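User: I have a model open and would like a close look at one part of it. Please take one strand, say how it is enclosed, and then work outwards to the rest of the fold.

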Amino acid sequence: MYIIYDDFYLKHDNGPSHPENAGRLLSIKKSLDGWKLKNRTITEKPREASREQVEWVHDRDYVGKIKSLSEGGTLSFLDPDTGVSQHTFKCARLAAGGGFKGMDLISGSDPGFRKFFALVRPPGHHAFPSYGSGFCIFNNIALCAKYSQKELDLKKIAIIDFDVHHGNGTQDIFYRDNNIFYISFHQYPHYPGTGSFEETGSGKGSGFNLNFPFTAGTGDPDYLISMIEIVLPLMERFEPQLLLVSAGYDSHSLDPLSSLGLTGTSYYKMAFILSCISHIHCRGKMGIFLEGGYEYGATAGGVLETIRGCLDQEDFKDSGSKEAVRDILEIDYGMDSPQITNPGLLSRLKNIFKL
Ligand SMILES: [Zn+2]
């Protein structure tokens, strides 16, 4: 797998005692550097997204505002949580350009790998066309989807988001779009307040937006069953050409900002299933973006487990059906099992999406 990383990502600064800080990336890099599977990754530097490219998703005025606030050189805030400082404009363009570079790397006629993990800051999924919020400046994954459509002729793209927070920016950008299927797993109710199961897209995008609003304490049985029973069949119907993943490790049970119950093993299993989807529909193409995750050890461990899940799936070719995936991952609980925390929600979603 390609890892996209640049030390410049450490320079974005939200101010003292902020949970979204450079230490997050430093701890991931340290874990990765000492990892036994490191030899199955290649680290590449990102490109810098041009201002014109950023404006594929964001309003010109908003992009200009980030530029001038950065040039001001002092820390200012877009909302109480989201800082802009001296290096933010360049750092945010490098974060978006991390996805562009990753797509270029996996898109050649004979690429070394078909997957990349963009270890970027600032994160992106709470960034809207005309404003940033929730630690996010530019919407990295949305820009990557636009880049893939415009430059690489990949039309139908699935975005799957397992950050603990609803990716309200990404949902908003693609809410009326039937070529981008956005799927989010998140704690609910929780920041930012959106992401109910009734938000399913509008206009021609109706039926192409899926939210799994999970109650506090939900663990991986709900995630895995949801992926196998709902996401896999929906992807069979949609047939994406590319799978993009918003990977937030604030859904880990140790995260200080949230209350879900995932573990390192959960990320391994989810990555295995996501890699299966990319293998079945996208010729293995998959781009993963770091979003949240504020407990250093849980985040670093989650990143490695995500990569390991993808590598193991690629080694194990016979994983094309949901029965095979269940067997491989030893997932044997049913929809009515007491281990499922949100059984009513899952059957409701099956009805809404006619599964
Ligand atoms: Zn988050």
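Analyst: In this predicted model, 6 of the 6 residues of strand 8 are buried, so strand 8 is largely enclosed by the rest of the structure. Being buried here means having 20 or more other C-beta atoms within 10 Å of a residue's own. Both faces of strand 8 are covered: Asn209, Asn211 and Pro213 lie on one side, Leu210, Phe212 and Phe214 on the other, and each of these is buried. In a regular strand the side chains alternate between the two faces of the sheet.

Strand 8 (209–214) is nevertheless an edge strand, and pairs on one side only. Its partner is strand 7, which runs parallel to strand 8 and is joined to it by 6 bridges. Within that pairing, phenylalanine 185 has phenylalanine 212 of strand 8 as its bridge partner.

The loop between strand 7 (180–187) and strand 8 holds serine 202. In contrast to the buried residues of strand 8, serine 202 counts as exposed, because 12 other C-beta atoms lie within 10 Å and the cut-off for exposed is 12 or fewer. Leaving out residues up to four places away in sequence, serine 202 touches Tyr175 and Arg176. Tyrosine 175 is 27 residues from serine 202 in sequence, and the two C-alpha atoms are 6.2 Å apart.

Now the sheet to which strand 8 belongs. It is an open sheet of 8 strands in the order 2-1-5-10-9-6-7-8, with parallel pairing. The other edge is strand 2 (42–44), which likewise pairs on one side only. On average, neighbouring strands of this sheet are turned by 15 degrees against each other, direction ignored. Strands of a sheet pair through backbone hydrogen bonds, either parallel or antiparallel.

From the strand 2 edge, the pairings can be followed inwards. Strand 2 is joined in the parallel sense to strand 1 (residues 2–4) over 3 bridges, with isoleucine 4 opposite glutamate 44. Strand 1 also runs parallel to strand 5, again with 3 bridges, and here tyrosine 2 stands opposite phenylalanine 116. Strand 5 in turn is joined to strand 10 by 4 bridges, also parallel; phenylalanine 116 has glycine 287 of strand 10 as its bridge partner. Strand 5 (residues 115–118) has buried residues on both sides, with Lys115 and Phe117 pointing one way and Phe116 and Ala118 the other.

Helix 8 (residues 264–281) packs on this sheet and touches strand 6 (157–161), strand 9 (242–247) and strand 10 (286–290). The direction of helix 8 makes about 160 degrees with that of strand 9. Leucine 274 is part of helix 8, and counts as buried because it has 26 C-beta neighbours inside 10 Å. Beyond residues up to four places away in sequence, leucine 274 touches Ile160, Leu243, Val245 and Met286.

One of these contacts, Leu243, is also prominent in the core. The largest nonpolar core has 98 residues, of which Leu119, Ile159 and Leu243 touch the most other members. Isoleucine 159 touches Ile141, Ala145, Thr170, Ile180, Tyr182, Ile183, Leu244 and Ser246, with residues up to four places away in sequence not counted.

Two of the residues touched by isoleucine 159, Ile141 and Ala145, are among the buried residues of helix 5, which also include Asn140, Leu143, Lys146 and Ser148. The 13 residues of helix 5 (residues 140–152) should span 18 Å at 1.5 Å a residue, and the end C-alpha atoms are 17 Å apart, which agrees. Just after helix 5, aspartate 153 takes a positive phi of about 60 degrees. Isoleucine 141 and leucine 274 are 133 residues apart along the chain, and their C-alpha atoms are separated by 16 Å.

For the whole protein, the secondary structure comes to 11 helices and 10 strands. Buried residues make up 52% of the 355 residues. Among contacts with a separation of 6 or more, residues 24 or more positions apart account for 76%. The radius of gyration is 19 Å, which agrees with the value near 20 Å for a compact globule of 355 residues. The C-alpha trace spans about 55 × 40 × 40 Å along its principal axes.

Methods:
Residues are numbered from 1 along each chain as its sequence is written. This is a predicted model: local features need pLDDT of at least 70, side-chain atom pairs count only at pLDDT 80 or more; totals for chains, interfaces and linings use all residues. Two strands pair if DSSP finds at least two bridges between them. Axes are lines fitted to C-alpha atoms, for helices over the stretch in contact, and angles run from 0 to 180 degrees between N-to-C directions. Two residues are in contact if their C-beta atoms, placed from the backbone, lie within 7 Å. A nonpolar core is a set of buried Ala, Val, Leu, Ile, Met, Phe, Trp, Tyr and Cys residues joined through C-beta atoms within 7 Å. The radius of gyration is taken over C-alpha atoms; the globule rule is 2.2 Å times the number of residues to the power 0.38. The expected span of a helix is 1.5 Å times one less than its number of residues.
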